[in-house]
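Me: I would like to go through this structure slowly, one question at a time. Please explain each term when it first comes up.

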Amino acid sequence: MGAMRKSLPVYCGVALRCIALTFILSTMATPARSETVPVEPAPATATVQSSGAWFFQDYLSIHFPSGIASLFNGYPTGQAACDVYDAWIKSRNVPSGPLAHAPYTFFLTPGYTASGICVPYNSYSEWLATNNATFGMYYYQHCPTGYSTNDPRIRGVSSATFTCTNNGTAKQCPEVAEGETPFTLDPGGLTCSRPDKETYSIKLDRHDATIEPTGTTARDVKTAQEFTATVTGSRNGVKSGATVTIRADVKANTGGHDHDDDNRPKGSLDSEKNAASPCGAANEKQACITGTTNGSGQFIFTFTSSQVSGEHTLTATCDLCAGNQDKAEVKVMVEGLETIPSSSFYTFIGDTDKHSDNHYLTPEAAAILWRIAVSYQMEQRFKLADPVTKKRTKTPLVLHVNDASLKWGGRFDVYGNWKAPHAEHMRGTVVDLRANGETGAISPGNFRKAEMLFSDQNTNYFLECTRDKKPSQTDPSPPQHKRLRSNLCVSQLDGSQDTNRHYHIRLMGVRE
Ligand SMILES: [Zn+2]
Ligand SMILES: [Zn+2]
């Protein structure tokens with residue numbers, strides 16, 4: 001998506017952008033469909049003000065050919081009705097007109113407030129005499145369907161306004177909320193309609209991103225991504241003042257962590273460009289943000305990674321958007337890490353059920369580790385004394401490589417609690433080598449020589465113990481165990497070694 005967006009101007013040029021713009025404009029210009037609902041019964045006491053409408057009605061219908069019914073529609077005045085009638089007669093090649101409107105009350109019935117005839121003559125009687133009632137029609141003014149009036153004042157008068165009352169069959173359109181477009185009764189009186197009401201949708205400007213975890217010493221790496229959420233109305237375009245909510249979540253078992261719980265960091269959201277405030281549960285305030293769209297319908301926010309790598313999901317919703325939402329996937333990762341190539345010069349230890357894959361490095365760092373491991377096996381200086389001959393001819397066991405980095409780097413929470421007792425190991429350049437007296441450990445007799453080897457490879461290292469031995473009341477000066485060389489990390493009380501003692505090696509000489 002992001003790449004596509006970027007490539008448009010470069011490879012497709014102005015023309016395609018014009019096509020895209022035309023498409024957007026034509027989409028926006030699509031006329032709104034109308035919303036139609038059934039009528040509902042009007043209250044028995046309902047009244048409406050009406051000027052009525054002028055309708056044709058034949059009084060000698062047997063004389064009218066088929067087709068005249070199409071003329072039986074409402075007209076604003078009697079004369080307008082007569083003009084249409086005149087045209088209809090002419091269309092049938094019968095000489096006519098002009099037809100004049102004349103009031104006529106003979107056919108008045110309740111609900112008919114006025115009537116008249118269209119006559120080419122001065123009076124109805126003259127017309128009757130001449131035409132022998134071969135053609136006859138009259139029109140009338142009446143209330144809307146379902147309403148009647150007996151108002152005597154306007155009988156025989158065209159285009160008056162009068163009050164109509166529900167005659168027991170009146171229908172009406174449903175009420176609408178204040179501010180909404182009202183429904184109007186459709187011709188025929190069975191349905192009500194109005195233009196579709198405005199619906200809103202929210203869109204993010206990008207749907208994926210890859211950023212690094214925070215908390216490393218690396219400079220010039222991207223640990224945050226800005227997004228723009230835009231709220232758009234179906235009829236009126238971008239919507240300012242809409243309340244937008246963004247939630248960040250993280251997928252279980254991603255980034256190299258084979259464990260999950262509610263405490264997993266979800267990254268943090270903030271907005272400098274729109275007024276915004278935190279939302280959501282107290283323990284994840286940073287992972288939820290809510291604010292209002294600006295004059296361009298936009299809410300601009302930033303997602304910042306935590307120190308823990310993984311796949312994050314951002315979900316954008318808005319108060320007006322009903323069920324509509326948009327999502328983005330953010331990979332928080334150190335790119336370019338590879339599993340350390342297998343070799344007969346070292347072996348891997350330290351994988352757990354929480355981190356089953358703990359041996360990722362950059363290719364460059366892995367190459368240095370390999371050179372160290374080869375030297376450790378091949379060089380005479382590391383040979384151990386043969387128990388029988390006492391000569392230093394015995395090749396030590398291969399280096400036992402403990403934690404490097406997780407698949408996507410980031411904080412290596414050895415205990416699976418998202419916390420960081422394990423410093424560094426975040427960007428695939430740091431590795432631990434066993435040095436605790438157990439199988440495959442570098443033996444204390446080789447510590448000094450191993451350190452020279454590490455220096456030869458321009459690494460940076462220290463002997464680390466992750467567990468301090470408890471000071472004893474009988475020992476007034478408890479030993480220091482961290483970052484000390486050689487045989488420290490050994491209890492001054494009983495000579496035992498810290499079982500976690502190891503060389504922590506910054507293969508690229510960088511603390512990260
Ligand atoms: Zn973990
Ligand atoms: Zn380490």
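Me: In which sense do strand β30 (residues 430-434) and β32 pair?
Reply: A strand is a DSSP run of E with at least two residues, a helix is a run of H or I with at least four, and both are numbered from the N terminus. Two strands pair if DSSP finds at least two bridges between them, and at one place here Leu433 stands opposite Tyr503 in β32. Over five bridges, β30 and β32 pair in a sense that is antiparallel.

Me: Before we go on, how many strands does the protein have?
Reply: This is a predicted model, so local features are given only at pLDDT of at least 70 and side-chain atom pairs count only at pLDDT 80 or more, while totals for chains, interfaces and linings use all residues. Residues are numbered from 1 along each chain as its sequence is written, while chains are lettered from A and ligands numbered from 1 in the order in which they are written. Alongside five helices, the secondary structure of the protein includes 32 strands.

Me: How confident is the predictor on average?
Reply: The predictor's confidence in each residue is called pLDDT and runs from 0 to 100. It stays under 50 over residues 132-137 and also over residues 152-159, whereas 67% of the residues score at least 70. Averaged over the protein, pLDDT is 78.

Me: Which strand does β31 (residues 460-464) pair with over five bridges?
Reply: One pair of facing residues shows the partner, because Phe462 in this pairing stands opposite His504, and pairing is defined by bridges that DSSP finds between two strands. The sense is antiparallel, and the strand that β31 pairs with over five bridges is β32.

Me: How many of the residues of β32 (502-506) are buried?
Reply: A residue is buried if 20 or more other C-beta atoms, placed from the backbone, lie within 10 Å of its own, exposed if 12 or fewer do, and partly exposed in between. In a regular strand the side chains alternate between the two faces of the sheet. Here His502, His504 and Arg506 point one way and Tyr503 and Ile505 the other way, and all are buried. The count of buried residues in β32 is therefore five of five.

Me: Which residues touch the most other members of the largest nonpolar core?
Reply: A nonpolar core is a set of buried Ala, Val, Leu, Ile, Met, Phe, Trp, Tyr and Cys residues joined through C-beta atoms within 7 Å. In soluble globular proteins, nonpolar side chains tend to be buried together. Of the 62 residues in this core, those that touch the most other members are Val244, Leu361, Leu369 and Val431.

Me: Which helix gives this core its largest share?
Reply: The share in question is seven residues, and the helix that supplies them spans residues 363-378. The core also draws at least three residues from each of domain 2 (200-332) and domain 3 (338-506), whose bounds come from an automatic or database domain assignment. The helix with the largest share is α4.

Me: Which strands stand at the edges of the six-stranded open sheet?
Reply: The order of this sheet is β14-β23-β22-β17-β20-β19, with mixed pairing. An edge strand has a single partner, so one of its sides is left without a neighbour in the sheet, and the strands of this kind are β14 (208-211) and β19.

Me: Is Gln286, in the loop between β19 (276-278) and β20 (288-292), exposed, partly exposed or buried?
Reply: Although Gln286 and Ser268 are 18 residues apart along the chain, their C-alpha atoms are separated by 4.7 Å. Two residues are in contact if their C-beta atoms, placed from the backbone, lie within 7 Å, and, leaving aside neighbours within four places in sequence, Gln286 is in contact with Ser268, Leu269 and Pro278. Because 17 C-beta neighbours lie inside 10 Å, Gln286 counts as partly exposed.

Me: What is the phi of Asp220, roughly?
Reply: Asp220 is found in the loop between β14 and β15 (224-233), and with 4 C-beta neighbours inside 10 Å it counts as exposed. Most residues other than glycine have a negative phi. Asp220 is not a glycine, yet its phi is positive, at about 60°.
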